Amino acid sequence: MNWPHEHGAQRFASGLSDPNRLLLVADRGGEVVGHLTGTLVEPSAMRPVKAATLVSMYVQPAYRRDRIGRRMVDEFLAWAKESGAGSAQVTAYSSNAEAIRFYERNGFATQSVTLEAAL
């Protein structure tokens, strides 16, 4: 639960010079109200096309009706396309219905389902 506070700044800063990472922040009057991080993955035997992954996105609840998330996703998709990605993907927890609806409204569709068992 404390990961963002303990490691977030270092992780974010390490990506600033990486051309395969996209780091966006939404700023309102000097206050960060949202962020998005994305990465590019080169083709492999399992996935023969370069792909962009939306790794993390968050907008503070008070700003979620301001289209900030939509604008960040649009920037992510444009960056992915300009970078030569043939597809873009995002993962959301199945219990996070609001996030799933948001991503579906923004052009993402279910392609696979991951099932997990606690050990």
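**Note on Tyr103 and the four-stranded sheet**

1. Tyr103 sits in helix 3, which spans residues 97-105. The model is predicted, so treat every value here as computed from that prediction.

2. Is Tyr103 buried or exposed? Tyr103 has a relative accessible area of 10%. The cut-off for buried is under 20%, so Tyr103 counts as buried.

3. Next, the neighbours of Tyr103. Leaving aside residues up to four places away in sequence, Tyr103 touches Leu54, Met57, Val90, Ala92 and Phe108. Leu54 and Met57 fall within strand 3, residues 51-59. Val90 belongs to strand 4, residues 87-90.

4. One sequence-to-space pair is worth checking in the viewer. Gly69 and Tyr103 are 34 residues apart in sequence. Their C-alpha atoms are 9.6 Å apart in space.

5. Now the sheet. It is open, has four strands and follows the order 1-2-3-4, with mixed pairing. Strand 1 (21-28) and strand 4 (87-90) are the edge strands, each pairing on one side only. On average, neighbouring strands are turned by 20° against each other, direction ignored.

6. How do strand 3 and strand 4 run? They run parallel, joined by four bridges. Within this pair, Ala51 stands opposite Ser87 of strand 4. In general, strands of a sheet pair through backbone hydrogen bonds, either parallel or antiparallel.

7. Helix 2 covers residues 68-82. This helix lies across strand 1, strand 2 (31-41), strand 3 and strand 4. Relative to strand 3, helix 2 runs at about 160°.

Definitions and conventions: Residues are numbered from 1 along each chain as its sequence is written. This is a predicted model: local features need pLDDT of at least 70, side-chain atom pairs count only at pLDDT 80 or more; totals for chains, interfaces and linings use all residues. Side-chain values use heavy atoms; hydrogens and water are left out. Helices (H or I, at least four residues) and strands (E, at least two) are DSSP runs, numbered from the N terminus. Buried means under 20% relative accessible area, exposed over 50%, partly exposed in between (1.4 Å probe, protein chains only). Contact means heavy atoms within 4.5 Å. Two strands pair if DSSP finds at least two bridges between them. Axes are lines fitted to C-alpha atoms, for helices over the stretch in contact, and angles run from 0 to 180 degrees between N-to-C directions.
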